[in-house]
Every structure is written in C-alpha cells, then in structure tokens.
Amino acid sequence: MKSMISTDRLSKTFGSFTAVDAITFDVQEGEIFGFLGANGAGKTTALKMLTGLLTPSSGQATVAGFDVRKKPDQVKQRIGYMSQKFSLYEDLTIRDNIRLFGGIYGLSNRDIREKTEALLEKLELEGEAGKLVGSLPLGWKQKLAFSVALLHEPGIVFLDEPTSGVDPLIRRQFWELIYEAAANGVTLMVTTHYMDEAEYCDRVSIMVDGKIEALDTPRAMKKAFDAEDMDEVFRKLARGA
Amino acid sequence: MVEIEHISKSYDTLKAVDDVSLTVARGEIFGLIGPDGAGKTTLFRILTTLLLPDEGRATVDGLDVVRGYKQLRQRVGYMPGRFSLYQDLSVEENLEFFASVFGTSVAENYDLIAPIYVQIEPFKSRRAGALSGGMKQKLALCCALIHKPEVLFLDEPGTGVDPVSRKEFWDMLRSLRTQGLTIVVSTPYMDEAALCDRVALFQKGRIMAIDTPEGITGAFDHPLYAVRSDNMYRLLKDLRQMEGVADCYAFGEYAHLKMQQDAPAEKAMKGIRAYLESKSHQDVEISPAEASVEDCFIELMKN
C-alpha cells in the first residue's frame with residue numbers, strides 16, 4: 001500500500017497561538033479517511049497546509065508524493081476539491097463548468113471534449129448539458145460537482161462536509177460515488193464536523209485543540225470509547241480533553 | 001398550541017409548502033425533520049407571521065397568523081437558522097436590545113434564561129461576532145426567550161454546531177419544556193428525531209408521516225438486517241442482485257438490507273451469508289437491525 005498523505009509532526013502557529021500541533025498520520029491509496037474535529041480544532045488550518053495553500057511552521061507533509069512546503073504547486077495539480085457550499089458556478093451551464101475546471105487544471109481541449117462527453121453520459125445528463133447548473137436539483141449538482149473534482153484524475157480528493165443537510169437518498173447515492181472512486185484507487189479525505197458522515201469512512205481522526213487525539217476505524221473507536229455512535233465518541237473525547 | 005390547516009406557499013413555480021396540516025400540543029417538543037429545501041423555513045416564517053401563506057390557515061396560541069399577527073409576535077420566540085444577532089453588539093447589548101424591542105427588560109424575565117445565560121455570562125462584554133458556534137447558539141436562544149414567549153420556533157439550531165454543544169442544547173430544550181413552553185424545532189439530522197415528543201417527516205413541501213419517534217420506526221414493516229464485509233462498494237452491488245431483497249443502501253459502516261418477506265431471522269441470515277460467501281466476500285457479519293427514523297424516511301421517500 002502506498003501512502004497518499006503522510007505527515008510528520010506537522011504544525012502551524014499564528015503568533016503565540018498553535019493552531020495545528022505536531023500532527024502525524026498517514027492516509028493510504030484508495031482509503032476513505034474522515035478528518036474530524038469541532039469548529040476551531042484546527043481542521044481548516046491543517047487542510048490548507050495539505051492542499052498547498054499555507055506553509056507549515058514546522059514538520060513535514062507529503063501529499064500525492066510531493067512535499068507541501070517545497071512543491072505546493074505540484075500538490076495543487078494532483079488533488080481535487082469539493083465542498084457542498086461551493087463547487088460549481090451556478091450561472092454557468094453544465095458544459096461550461098466542466099470546460100472551465102478542465103481548463104483550470106490544464107487539460108487539453110481534446111481531453112476536455114472527450115471527458116465532457118464521457119461524464120455527461122455517465123451521469124445521464126446528455127440532454128441537460130446546456131442548462132444552468134443553478135437550475136439542477138441538489139442531488140444532480142452534487143454528483144456533477146464530485147465528477148468535476150475527479151476530471152483531472154487526481155490521486156486524492158478533499159471533500160468538505162459533502163452530504164450535510166441533503167436527503168437520505170441523495171446522501172446514499174453520493175456515498176456510492178465515493179465508494180466507487182475509492183474502489184478505483186482514488187483516496188478520499190472527508191472533512192466534517194457531522195459525526196454521521198464519519199460513520200461512512202474507513203478510518204477517522206479526531207482533532208481537539210490542534211492535536212489528533214484519536215485515529216482508528218469508526219468501529220474500533222466506538223469500541224474503545226464504549227460508545228453507540230461517533231457522536232458519543234466525539235462527546236467523550238471532547239469532554240475528557 | 002399550533003394548528004395548521006392545509007397551508008400552501010409557492011415561490012414562482014416552486015411549491016415550497018404543499019397542503020400541510022398538523023397540530024402541536026401545549027408543552028410538546030415537536031420536530032420538523034427534513035433535508036435542506038424541504039420547506040421547513042418557509043413553514044416557520046408563516047407560523048411566526050413573517051410570510052403570508054397562499055392558501056390555508058394557521059393559528060398559534062389561538063391567534064390567526066395573518067389577522068392576529070401583531071399580538072402573536074409577542075407570544076412567539078423565533079430563532080432563525082442563520083445566526084440572527086447583531087455581530088457588532090456585545091452579548092449583553094444583544095440581549096438588552098431584544099428585550100427592549102419587546103417592551104420588557106432583561107431583569108424581568110431573567111429567571112427563564114438564567115440556566116442558559118450563566119454559561120455565556122463570563123463573555124457578556126464580548127462582541128457576538130467573536131463567539132464560538134455553541135455560544136452563539138446559546139445567546140440566540142436567550143434572545144428568542146427574553147420576552148417570555150408561549151411557543152418557541154427553532155429553525156435548525158444544530159446546524160454548524162459540534163456534537164458537544166448540540167447535546168447541551170437539547171438538554172436545555174428539555175428543561176424549557178418542563179416550564180410549560182411549547183417548542184417546534186426543525187432539523188435535517190434524522191438522529192435528532194428521537195429527542196422530540198412527536199415528529200413530522202417533511203420532504204418537498206409535504207408531510208410524509210406524523211407520529212412519535214417510536215410510532216414512526218414501529219411502522220417500518222420489512223425485515224431489516226445490518227450487513228458488512230471487507231468491501232462495501234461490492235457488497236451493496238451484490239446484495240441488490242440477491243433474490244428477495246426489497247432495498248439495500250449504505251448505513252454508516254453497515255449496509256442495511258431490507259427483505260421483501262418475513263422469514264425466521266436465523267434462516268434469513270444463513271441465506272444471506274451463503275450468498276455472500278458464494279460471491280467471495282470476506283469478514284461477513286450479519287445481524288438483525290432495528291429500523292431508525294432515517295430508514296423510515298428512505299422508505300417513505302421511495303413510496
């Protein structure tokens with residue numbers, strides 16, 4: 001197994017405040033990894049370092065084989081990103097959104113054309129390609145956003161609260177797309193503070209005050225904390241801290 | 001305490017609330033459970049007199065939401081989904097402001113908010129915009145309570161709040177109920193349904209079911225099993241091909257398998273195991289599962 005993310009005592013300080021405090025963890029190829037923590041626990045800062053947007057204060061991290069400190073631009077080209085809040089341009093058509101993101105990631109015109117057709121066919125959106133993304137139902141929008149994040153064939157995709165607030169059927173359809181991508185070898189890093197999303201991940205880490213306080217499969221964590229669900233694990237961990 | 005009869009509301013061609021009827025009894029915690037876009041906020045705005053319905057009628061505490069809107073506003077507390085306070089005012093100033101709008105003072109109704117307010121009092125001179133998610137939520141609740149309403153409407157109070165604060169919040173709601181307050185709360189989190197006295201499952205502007213949480217889950221009328229193996233993606237695909245399967249979907253670390261017909265559990269599980277082993281699944285685990293509100297929601301959506 002190959003590590004797609006590997007960090008060693010990765011830290012970030014802002015003045016006297018330590019936002020991320022020496023976190024060390026690995027994420028394997030094809031793994032669905034849940035990166036959890038309360039608001040202010042340091043998740044966002046850690047993510048910014050892992051996606052090449054913020055330089056670490058100390059420690060190491062490699063993502064998709066590149067050092068985030070030395071090669072942040074290489075990292076950015078090899079990752080995909082999707083969040084429920086922002087992912088596609090609502091006032092562009094489906095086809096234009098695909099072209100825009102393909103272009104941003106440096107795909108050739110020919111590649112973009114071919115991938116667009118394949119993607120529309122897969123999502124059964126051939127007849128809708130000229131419609132504005134804003135007019136699509138939420139479920140379609142999400143599937144499309146995820147497919148667009150995979151367009152440049154990144155080794156790893158970061159998903160930020162991908163299914164919070166959606167209906168239970170859309171949520172299942174979406175998780176199946178995630179499972180499918182993982183089965184194809186894509187690594188998925190899911191950040192969320194909704195514990196019910198965590199239950200779907202292969203392994204999860206929980207950050208408290210800048211540190212990773214627990215890292216395991218949801219099942220092992222529930223057992224270790226004698227908890228019925230991840231919500232209870234989280235409460236016990238945060239209370240004990 | 002709340003009576004809704006055939007309320008509908010459309011925005012252009014979108015029917016946000018579609019012929020909704022329900023009643024909420026005094027002293028009840030009533031949950032409106034549904035995803036984003038189900039119409040929860042529209043219904044709340046109608047009940048708090050901020051939006052006129054196209055059709056139907058509703059009363060809150062005996063007052064019509066259209067004709068009695070002026071009096072009604074004194075009797076309802078409303079905590080909108082988005083943080084509604086003045087970010088530039090301090091905790092204390094926000095509270096005083098909301099009290100003065102309703103012609104009362106913080107001192108007059110302090111008893112009601114005291115158990116909640118003491119938790120944020122140490123930060124009373126901090127600007128509301130600088131509070132953490134959980135503290136903002138507590139302040140918003142204090143502001144919605146400061147005029148001593150009869151009915152409290154809480155629109156997605158758990159959204160954006162971590163599990164620790166979420167639990168504390170529900171504990172507060174239960175203690176408010178013991179003081180006779182009626183609480184109507186909306187949430188997209190199916191697991192919060194269990195914390196309500198009664199719930200309405202809400203989807204695309206319509207109510208799919210109204211009952212106690214136990215009544216909702218008790219109405220699930222198929223045998224249900226929790227299954228796992230070493231490969232979830234393949235597991236879901238294979239189980240759907242199995243004979244006698246009504247539905248199969250991911251449910252956390254398990255797949256929930258809904259069978260078409262009743263059969264002795266031991267026999268059914270043996271059959272499922274044999275099938276999965278023939279498909280060379282490893283580490284297979286099967287156990288009977290209790291239907292959750294989310295299972296019921298899925299079933300109702302598909303019907």
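What follows is a chat about a predicted model with a chain A and a chain B.

Student: Hi! Before we start, what kind of model is this?

Tutor: Hi! This is a predicted model.

Student: Thanks. Let's begin with chain B: how many helices and strands are there?

Tutor: Chain B has 10 helices and 14 strands. Its C-alpha atoms fill a box of roughly 70 × 45 × 35 Å along the principal axes.

Student: And how much of chain B counts as buried?

Tutor: Of its 303 residues, 53% count as buried. If you look at contacts in chain B with a separation of 6 or more, residues 24 or more positions apart account for 69% of them.

Student: Okay, on to the interface. How many residues does each chain bring to the contact?

Tutor: Chain A brings 28 residues and chain B brings 32. The area buried between the two chains is about 2,700 Å², and carbon and sulfur atoms give 57% of that.

Student: Why quote an area at all?

Tutor: The accessible area lost when the parts come together is often used to give the size of an interface.

Student: Makes sense. What about polar contacts and salt bridges between chain A and chain B?

Tutor: There are 9 residue pairs in polar contact between chain A and chain B, counting pairs with both residues at pLDDT 80 or more. On the chain A side, helix 6 (168–183), helix 7 (195–198), helix 8 (218–224) and helix 9 (230–240) each supply at least two of the residues that touch chain B. Helix 6 of chain A gives the largest share, 8 residues. By type, the touching side of chain A divides into 11 nonpolar, 5 polar and 12 charged residues. As for salt bridges, the rule finds 7 across the interface.

Student: Can you show me one? What does B:Glu253 pair with?

Tutor: B:Glu253 meets A:Arg219 in a salt bridge, at 3.4 Å from N to O. Both residues also belong to a network of salt bridges that links A:Glu199, A:Arg219, A:Lys222, B:Arg228, B:Glu253 and B:Glu285.

Student: Nice. And which residue does A:Asp231 bridge to?

Tutor: A:Asp231 forms a salt bridge with B:Arg166, with the closest N and O atoms 3.5 Å apart. This pair crosses between chains, from helix 9 of chain A to helix 6 (residues 163–177) of chain B.

Student: Are those two buried or exposed?

Tutor: Both A:Asp231 and B:Arg166 are buried.

Student: How many salt bridges are there over all chains?

Tutor: The count comes to 42 over all chains. One within chain A joins the side chains of A:Arg95 and A:Glu117, at 3.0 Å from N to O. A:Arg95 lies in helix 3 (residues 94–104) and A:Glu117 in helix 4 (residues 109–122), so the pair ties together parts of chain A that are 22 residues apart in sequence. A:Arg95 is partly exposed at 36% relative accessible area, and A:Glu117 is partly exposed at 41%.

Student: Got one inside chain B too? What does B:Arg26 meet?

Tutor: B:Arg26 meets B:Glu150 in a salt bridge, at 3.4 Å from N to O. The two are 124 residues apart and link distant parts of the chain: B:Arg26 is in the loop between strand 2 (14–24) and strand 3 (29–33), and B:Glu150 in the loop between helix 5 (133–145) and strand 7 (151–155). B:Arg26 counts as exposed at 53% relative accessibility, while B:Glu150 counts as partly exposed at 32%.

Student: Switching to hydrophobics: which residues have the most contacts inside the largest nonpolar core?

Tutor: That core has 71 residues, and those with the most contacts inside it are A:Leu144, A:Phe146, A:Leu188, B:Leu239 and B:Leu257. Helix 6 of chain A gives the largest share of this core, 7 residues. A second, separate core of 53 residues includes B:Ile116, B:Met172, B:Met190 and B:Met301.

Student: What does B:Leu239 touch?

Tutor: Leaving aside neighbours within four places in sequence, its contacts include B:Val227, B:Val245, B:Leu257, B:Ile272 and B:Tyr275.

Student: Last one: where is B:Met242?

Tutor: B:Met242 is in the loop between helix 8 (232–241) and strand 12 (245–251) of chain B. Its relative accessible area is 10%, under the 20% cut-off, so B:Met242 counts as buried. Not counting residues up to four places away in sequence, B:Met242 touches B:Leu257, B:Met259, B:Ile272 and B:Tyr275.

Definitions and conventions: Residues numbered from 1 in each chain as written. Chains lettered and ligands numbered in written order. Heavy atoms only, no water. Contact = heavy atoms within 4.5 Å. Buried area = accessible area lost by both parts, 1.4 Å probe. Salt bridge = Lys/Arg side-chain N within 4 Å of Asp/Glu carboxyl O. Polar contact = N/O pair within 3.5 Å; in protein donor to acceptor, adjacent residues only side chain to side chain. Helix = DSSP H or I, 4+ residues; strand = E, 2+ residues; numbered from the N terminus. Nonpolar A, V, L, I, M, F, W, Y, C, P; charged D, E, K, R; others polar. Buried < 20%, exposed > 50% of the residue type's maximum accessible area, 1.4 Å probe, protein only. Core = buried A, V, L, I, M, F, W, Y, C linked by side-chain atoms within 4.5 Å.
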